Amino acid sequence: MTSTRLVSLASLSALAVPPPRFIEYAAAGGFDAVGVRVSDRPGERGHQLAEGSRLLADTLLALDDHGLAVLDVEVVKIHPGSSRADWESVLFAGAALGARHLIATVLDDDRRRAGDNLAALTEAAAQYGVQCCLEPMVFTAVRDLGAGRMLLDESEAIEAGLLLDTLHWSRAGGTVDGLDAEVARGRIPYWQLCDARMAGPARDDTAAMTEARGNRLPPGAGVLPLRRLADALGPSASVSVEVPSARGAADPRRWAIELGTATRRLLARVPVPPDEPADAHRYPAPGQHDSKVPS
């Protein structure tokens with residue numbers, strides 16, 4: 001990507017594709033990085049990247065071959081019975097892949113317990129060299145950025161960030177003007193980009209979940225205020241293009257190329273400060289950073 005922003009292809013854009021092939025498709029689409037969805041057991045949505053596994057080795061090789069980095073790994077779901085054992089596989093994979101961020105969601109309505117678990121996860125992630133980022137979604141216990149900020153503050157998860165997903169943000173009633181405080185505090189290190197057929201709050205949680213999981217649009221193909229949003233978040237915030245769709249399942253390579261083209265077109269129309277270095281926010285090339293897996 002020619003933008004100063006590091007631009008990544010999120011795993012959910014073609015979740016069924018194994019990470020090594022997904023990396024190949026992301027490179028064909030012109031992306032700088034990828035996201036990887038990690039599973040710790042068969043049958044879950046994601047990929048098992050256990051220590052010593054062939055899939056992990058092939059994924060690392062693909063990153064080297066194509067010169068891509070890993071922006072994030074996902075997802076840790078904080079629920080009433082959460083414990084560190086639930087996190088280890090994702091944390092290990094994130095560290096082994098050199099990921100910058102780990103995505104967490106909250107499915108526990110007990111704020112104190114959820115906050116304690118979030119703080120513990122944030123601390124554990126930091127030990128692996130990965131920043132925990134809380135993603136608000138209207139069908140979870142943390143519905144919007146305001147609720148996410150409150151939980152981070154209450155739990156003293158000082159090193160955690162907030163992940164803004166453009167669809168979830170819109171469905172929660174978010175506005176561009178309402179982002180000033182979060183941007184000023186540096187709470188949003190990166191954001192997820194997609195478009196949608198309508199803007200504004202969701203009709204209900206079920207409809208929001210269905211849309212989020214498989215009915216998104218490429219950047220610029222819908223009505224969300226993406227250029228204003230990109231301008232407000234600034235060029236230092238990396239971008240993860242997350243557009244799950246039936247088209248991605250049918251022809252994931254073509255989909256990755258289409259998403260890359262649409263994203264470049266959108267970001268080229270967003271003003272960049274004249275003093276911003278062209279490579280200010282690039283990651284080290286794969287192989288240029290040390291493993292973050294604790295010994």
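# Questions on a predicted fold

Biologist: Just after α3, which residue takes a positive phi, and of how many degrees?

Modeller: This is a predicted model. The residue in question comes directly after helix α3. The residue is G98, and its phi is about 70 degrees.

Biologist: Which residues of α3 are buried, and why is α3 described as largely enclosed?

Modeller: A residue counts as buried when its relative accessible area is under 20%. Of the 10 residues of α3, 8 are buried, so the rest of the structure largely encloses this helix. The buried residues are V90, L91, F92, A93, G94, A95, A96 and L97.

Biologist: Against which elements do the buried residues of α3 pack?

Modeller: Both strands and helices take part in this packing. The strands are β2, β3 and β4. The helices are α2 (54–66) and α4.

Biologist: What is the hand of the crossover from β3 through α3 to β4?

Modeller: Strands β3 and β4 (residues 101–106) are joined by 5 bridges and run parallel. One of the bridge pairs is K77 with T105 of β4. The chain leaves β3, passes through α3 and arrives at β4, a β-α-β crossover that is right-handed.

Biologist: Which residue of β3 stands opposite R37?

Modeller: Strand β2 (residues 33–37) pairs with β3 in the parallel sense, over 5 bridges. Among the pairs, A33 has A69 of β3 as its bridge partner. For R37, the residue opposite in β3 is E74.

Biologist: Which peptide bond is cis, and what is its omega?

Modeller: The bond leads into V75, a residue of strand β3. β3 is mostly covered, with 9 of its 10 residues buried. The cis bond runs from E74 to V75, with omega near -5 degrees.

Biologist: In the open sheet, which strands stand at the edges, and why does each have a side without a neighbour?

Modeller: The sheet has 9 strands, and their pairing is parallel. Their order is β6-β5-β4-β3-β2-β1-β9-β8-β7. An edge strand has a single partner strand, so one of its sides lacks a neighbour in the sheet; here the edges are β6 (161–162) and β7 (164–165).

Biologist: Which helix packs on the sheet and touches β1, β8 and β9, and what angle does its direction make with that of β1?

Modeller: The strands touched are β1 (7–9), β8 (190–193) and β9 (238–241). The helix is α11 (residues 252–267), and its direction makes an angle with that of β1 of about 155 degrees.

Biologist: Is W87 buried or exposed?

Modeller: W87 lies in the loop between β3 (69–78) and α3 (88–97). Leaving out residues up to four places away in sequence, W87 touches V76, S82, N117, A120, L121 and A124. Its relative accessibility is 2%, so W87 counts as buried.

Biologist: How far apart in space are W87 and A104?

Modeller: In sequence, W87 and A104 are 17 residues apart. From C-alpha to C-alpha, the separation in space is 10.0 Å.

Biologist: How are α4 and α5 oriented to each other?

Modeller: Two packed helices are described by the angle between their axes and the distance between the axes. For α4 (residues 111–127) and α5 (residues 145–155), the angle is about 75 degrees and the axes are 9 Å apart. Angles of 65 to 115 degrees count as roughly perpendicular. The two helices are therefore roughly perpendicular.

Biologist: How many nonpolar, polar and charged residues make the contact of α4 with α5?

Modeller: From α4, the contact uses R111, G115, L118 and A119. From α5, it uses A147, M150, L151, L152, E154 and S155. By class, these are 6 nonpolar, 2 polar and 2 charged residues.

Biologist: Is E156 buried or exposed?

Modeller: E156 sits in the loop between α5 and β6. E156 is not a glycine, yet its phi is positive, at about 60 degrees. Its relative accessibility is 62%, and a residue over 50% counts as exposed. E156 is therefore exposed.

Biologist: Which residues does A212 contact, leaving aside neighbours within four places in sequence?

Modeller: A212 belongs to helix α8 (residues 205–214). At 4% relative accessibility, A212 counts as buried. Although A212 and H168 are 44 residues apart along the chain, their C-alpha atoms are separated by 7.7 Å. H168 is one of the contacts of A212, and the list is F139, L167, H168 and P244.

Terms used: Residues are numbered from 1 along each chain as its sequence is written. This is a predicted model: local features need pLDDT of at least 70, side-chain atom pairs count only at pLDDT 80 or more; totals for chains, interfaces and linings use all residues. Side-chain values use heavy atoms; hydrogens and water are left out. Helices (H or I, at least four residues) and strands (E, at least two) are DSSP runs, numbered from the N terminus. Buried means under 20% relative accessible area, exposed over 50%, partly exposed in between (1.4 Å probe, protein chains only). Contact means heavy atoms within 4.5 Å. Axes are lines fitted to C-alpha atoms, for helices over the stretch in contact, and angles run from 0 to 180 degrees between N-to-C directions. Angles under 35 degrees count as roughly parallel, over 145 as roughly antiparallel, 65 to 115 as roughly perpendicular and the rest as oblique. Ala, Val, Leu, Ile, Met, Phe, Trp, Tyr, Cys and Pro count as nonpolar, Asp, Glu, Lys and Arg as charged, and the others, Gly among them, as polar. Two strands pair if DSSP finds at least two bridges between them. A crossover is right-handed if, with the strands pointing away from the viewer, the path from the first strand over the helix to the second runs clockwise.
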